[in-house]
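The following exercises are to be worked with the sequence and the coordinates at hand. Each task is followed by a solution in steps.

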Amino acid sequence: MGQLRSAEQATFALKLAKIPISSRHVQRLAQEIGNEMAHQRDDQVIQQRRRELPVRVSATPEVVAVEVDGGRLRTRAQGCGPGVHEVQGKEEKVAALMTLKSPTFEHDPQSEPPPSFLQPRRVRRLVTQMKGLAGENTPDRPEDAPDLQEHAVEEEEPAPQPPPSQPPPPSKAVDYSGRPQRLVRTCVASMSCSDQFGPMMAAEAQERDFYRAPRKAFVGDGAEYNWSIHRGYFADFEPITDFLHALCYVYLAAWAESDTEAQQWSLYETWLRACWQGRVSDVIAELEGVQQRVGMPPDGEELDKKDPRRLVSEALSYLGNNQRRMDYPRYRREGLPITSSWVESLVGDFNARVKSRQQFWNRPKGPEPILQLRAAVLSEDERLDRFFAQRPGNPRRGRKAA
């Protein structure tokens, strides 16, 4: 059911090319090929565990980054007859493995935050976007505080230091000079749990010779499963907590602490600059004082998502748990990425195929074949061509793929 609409679109495109085929046939082929890719991936995991998986690239990369994130899609119970039964949201895990080009620096190449992080309207939109991805709501707007709703972005609002002109649409890339440039990206995606997903990522990294790269980074948000994968399979990669999630937490905590917009924005800028410059301990110390003023969250009581006590407590928890992975000046000097924006954008590319109001996937692994096809299409190493060239029954099998 989840892929029928896309199968119909593919059928229409093939008919335009004068290739008669039914949508059901397209659907069956997609399932068949996706399952073959999943089996091939699982075989590579077994090889990697046995230390038998060969390196596929000709040269060891200089700089690499592994980023991991997750998206949400809707699933239904299987075997319950026609229609949608027992709807549940489930997470698909997505990893981006990238070779990069980046210089190193003797000093921090940008000790001040990028201008885009100091533009009220742009930051507001960024926080809304990020918190929306996390499935969370931003707090209601007091009369003198910025509106965090996306539809209000086009309206003019007062700001302590408004930008001279309307800023461009928000970008989740960090705009500092000398930032890492992506060369080649490959993808891994699955509905599997983190214990199974980590080995899949490790097999992909092994094939691309990531483990011998001189500079390597592992970037994720604060989710514990990200760091369990890091500890288990990428322990010698530099662990980096996504800066943009930290931005969101300090932004919301600043709005929970202050009374006027000018005070709120000033506090946000102070905390943002401290995090950017690696002074996370200073922010934690100030947040501890704020927590005492607004009050501690009561034990055993579920607070409203916009309650100041909760917002400050969540910021304290996030920064405290991730402080050792937030040495951003050093990461910039070493030419490493400090956000997980690449994989978050990639999750959007996956969700464009597997997530909509009309799509419900059978549990537990209904979307698994489509995720493999999508990963092959979005990987920048011609793996889809390689797969078909080597697939049994292909007349070109045995020849070297172009």
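**Exercise 1. The chain as a whole**

Of the 402 residues in the protein chain, 50% are buried. The model is a predicted one.

Task: State how many helices and strands the protein chain has, and what share of its exposed area carbon and sulfur atoms supply.

Solution.
1. The protein chain comprises 13 helices and six strands.
2. About 19600 Å² of the protein chain is exposed, and carbon and sulfur atoms supply 48% of this area.
3. When contacts between residues at least 6 apart in sequence are considered, 75% of them join residues at least 24 apart.

**Exercise 2. Strand S4 and its neighbours**

Task: Determine which residues of S4 point each way, and whether they are buried or exposed.

Solution.
1. In a regular strand, side chains alternate between the two faces of the sheet.
2. Arg215, Ala217 and Val219 point one way from S4, while Lys216, Phe218 and Gly220 point the other way.
3. The cut-off for a buried residue is a relative accessible area under 20%. Six of the six residues of S4 are buried, so S4 is largely enclosed by the rest of the structure.

Task: Identify the strands that are joined to S4 by bridges, and give the direction in which they run.

Solution.
1. Strand S1 (residues 63-76) runs parallel to S4, and five bridges join the two. Here Val64 stands opposite Lys216 of S4.
2. Strand S5 (residues 238-241) is also parallel to S4 and is joined to it by four bridges. In this pairing, Gly220 stands opposite Thr241 of S5.
3. Together with helix H5 (residues 224-233), S4 and S5 make a β-α-β unit, which is right-handed.

**Exercise 3. Backbone angles in two loops**

Task: Locate Asp209 and Glu382 in the chain, and state the sign of phi for each.

Solution.
1. Most residues other than glycine have a negative phi.
2. Asp209 is not a glycine, yet its phi is positive, about 60°. Asp209 lies in the loop between helix H4 (194-207) and strand S4 (215-220).
3. The relative accessibility of Asp209 is 6%, so Asp209 counts as buried.
4. Glu382, likewise not a glycine, has a positive phi of about 60°. Glu382 belongs to the loop between helix H12 (368-378) and helix H13 (383-390).

**Exercise 4. Aromatic rings and charges**

Task: Classify the ring pairs Tyr249–Tyr318 and Trp255–Trp265 from the distance of their centres and the angle of their planes.

Solution.
1. The structure holds 16 aromatic pairs.
2. For Tyr249 and Tyr318, the centres are 4.4 Å apart and the planes differ by 20°; the pair is stacked. The two residues are 69 residues apart, with Tyr249 in helix H6 (residues 243-257) and Tyr318 in helix H9 (residues 308-322). Both Tyr249 and Tyr318 are buried.
3. For Trp255 and Trp265, the centres are 6.3 Å apart and the planes stand at 80°, so this pair is edge-to-face. Trp255 is in helix H6 and Trp265 in helix H7 (residues 261-276), ten residues apart. Both Trp255 and Trp265 are buried.

Task: Find the ring over which the charged end of Arg332 sits, and the cluster to which that ring belongs.

Solution.
1. The charged end of Arg332 sits over the ring of Trp276, 4.1 Å from the ring centre.
2. Trp276 is part of a cluster linked by ring pairs with Phe117, Phe243, Tyr328 and Tyr331.
3. Elsewhere in the chain, the charged end of Lys93 sits over the ring of Tyr225, at 4.9 Å from its centre.

Methods: Residues are numbered from 1 along each chain as its sequence is written. This is a predicted model: local features need pLDDT of at least 70, side-chain atom pairs count only at pLDDT 80 or more; totals for chains, interfaces and linings use all residues. Side-chain values use heavy atoms; hydrogens and water are left out. Buried means under 20% relative accessible area, exposed over 50%, partly exposed in between (1.4 Å probe, protein chains only). Contact means heavy atoms within 4.5 Å. Accessible areas come from the Shrake-Rupley method with a 1.4 Å probe; for residues, only the protein chains shown count as cover. Two strands pair if DSSP finds at least two bridges between them. A crossover is right-handed if, with the strands pointing away from the viewer, the path from the first strand over the helix to the second runs clockwise. Rings of Phe, Tyr and Trp (its six-membered ring) pair if their centres lie within 6.5 Å; planes under 30 degrees apart count as stacked, over 60 as edge-to-face and the rest as tilted. A charge sits over a ring if NZ of Lys or CZ of Arg is within 6 Å of the ring centre and within 35 degrees of the ring normal.
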